[in-house]
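Reader: I would like to go through this model and ask what each description rests on. Please set the values against the criteria.

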Amino acid sequence: HQILSKNEDVLPYLPKTFIYKNPEDILNYLKRYRTIYVKPIFGLKGKGIVKMMTGPNLYCIKYRFKQKNKTINLSSEKELLNYVEKNFKKNRYIIQEGIDSELVKGRIIDFRIFLVKNQTGQWEDVGIIARKGSKGSIVSNLSNGGRVDNVIKLMSSSFKISEEQVLSTLEEMSTISIKAARVIDKYENIFRLGVDIA
């Protein structure tokens, strides 16, 4: 995120992201964004991700555990801070502003674009899949209950747009992803990349 945020072309597409340092961080970002995700820096397959939301006198925490959706409701800042202190180690998590990706009722959707560097050193988009989370899940990962869906059909029905508009959107998503790959490639020599777009 630090590398990508230095690039003006990519920056507008990045969710606001911060390193978790103390429980007050989560409280402050919840007040600012109302919904946040807390993610392990060294996480895989959607494991360890927590969604937090706030409303009047309520803090709602959602996560997946053993392929099941779990919810914890807390009624005070003190309860929230105690929960955070017990469950999160500083500098081991990031906090991200929440993006509403529930495009189908009760199910979140995102898109993964697959990129590879060809023999001439140029980045190419070699495919995209739509991922739909299981009912009520906060993650879309296939290993965590999600499933693959038809990209064009899903975008058309979710956004109520024509196939032509879908193709134009996919082209924009591909362009953004390739820009991101080129930025990262300057700092670390990579040959393939998966980019998730919500």
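Author: What follows is a set of questions and answers on the fold, the two sheets, the helices and one loop residue. The model is predicted.

Reader: What makes up the secondary structure of the protein chain?

Author: The protein chain holds four helices and 10 strands. In sequence order the pattern is β-α-β-β-β-β-α-β-β-β-β-α-α-β.

Reader: How do you know whether the radius of gyration agrees with that of a compact globule?

Author: For 198 residues the globule rule, 2.2 Å times the number of residues to the power 0.38, gives a value near 16 Å, and the protein chain has 18 Å, so the two agree. The C-alpha atoms fill a box of roughly 55 × 40 × 30 Å along the principal axes. Of the contacts between residues at least 6 apart in sequence, 54% join residues at least 24 apart.

Reader: How much of the protein chain is buried, and what is its accessible surface?

Author: Buried residues account for 39% of the 198 residues. The accessible surface is about 12,200 Å², and carbon and sulfur atoms contribute 50% of it.

Reader: What is the strand order in the open sheet of six strands?

Author: The order is β1-β6-β2-β3-β4-β5, and the pairing is antiparallel. Neighbouring strands in this sheet are turned by 20° against each other on average, direction ignored.

Reader: Why are β1 and β5 said to stand at the edges?

Author: β1 (17–19) and β5 each have a single partner strand, so one side of each is left without a neighbour in the sheet.

Reader: How do you know that β3 and β4 pair?

Author: Two strands pair if at least two bridges are found between them. β3 (residues 50–55) and β4 (residues 58–65) have six bridges, in the antiparallel sense, so the criterion is met. Glycine 55 stands opposite leucine 58 in β4. The hairpin of these strands has two residues between them, and asparagine 57 there takes a positive phi near 55°.

Reader: What joins β4 to β5, and which residue in their turn has a positive phi?

Author: β4 and β5 (residues 68–74) share seven bridges in the antiparallel sense. One of the facing pairs is isoleucine 61 and isoleucine 72 in β5. These strands form a hairpin with two residues between them, and lysine 66 in the turn has a positive phi of about 50°.

Reader: How many bridges pair β2 with β3?

Author: β2 (residues 35–40) pairs with β3 over four bridges, in the antiparallel sense. Valine 38 stands opposite valine 50 in β3.

Reader: Which helices pack on this sheet?

Author: α1 (residues 23–33) lies across β1, β2, β3, β4 and β6 (93–97), running at about 140° to β2. α2 (residues 77–87) packs on the sheet as well and touches β3, β4, β5 and β6; its direction makes about 30° with that of β4.

Reader: What makes up the open sheet that contains β9, β8, β7 and β10?

Author: Four strands form it in the order β9-β8-β7-β10, with antiparallel pairing. β9 (147–149) and β10 (192–197) are at the edges, each with a single partner strand, so one side of each lacks a neighbour in the sheet. Neighbouring strands here are turned by 35° against each other on average, direction ignored.

Reader: How many bridges join β7 to β10, and which helix packs on this sheet?

Author: Six bridges join β7 (residues 109–117) to β10, and the two run antiparallel. Isoleucine 113 has valine 195 in β10 as its bridge partner. α3 (residues 151–159) packs on the sheet and touches β7, β8 (123–132) and β9; its direction makes about 60° with that of β8.

Reader: How does the span of α4 compare with the expected one?

Author: α4 (residues 163–187) has 25 residues and reaches 37 Å from its first C-alpha to its last, close to the 36 Å expected at 1.5 Å a residue. Its buried residues include Val166, Leu170, Met173 and Ile176. The buried residues of α4 pack against β7, β8, α3 and β10.

Reader: Why is isoleucine 190 called buried?

Author: The cut-off for buried is under 20% relative accessible area. Isoleucine 190 has 15% relative accessibility, so this residue counts as buried. Isoleucine 190 lies in the loop between α4 and β10. Leaving out residues up to four places away in sequence, isoleucine 190 touches Lys117, Trp123, Ile184 and Asp185.

Definitions and conventions
Residues are numbered from 1 along each chain as its sequence is written. This is a predicted model: local features need pLDDT of at least 70, side-chain atom pairs count only at pLDDT 80 or more; totals for chains, interfaces and linings use all residues. Side-chain values use heavy atoms; hydrogens and water are left out. Axes are lines fitted to C-alpha atoms, for helices over the stretch in contact, and angles run from 0 to 180 degrees between N-to-C directions. Contact means heavy atoms within 4.5 Å. The expected span of a helix is 1.5 Å times one less than its number of residues. Buried means under 20% relative accessible area, exposed over 50%, partly exposed in between (1.4 Å probe, protein chains only). Accessible areas come from the Shrake-Rupley method with a 1.4 Å probe; for residues, only the protein chains shown count as cover.
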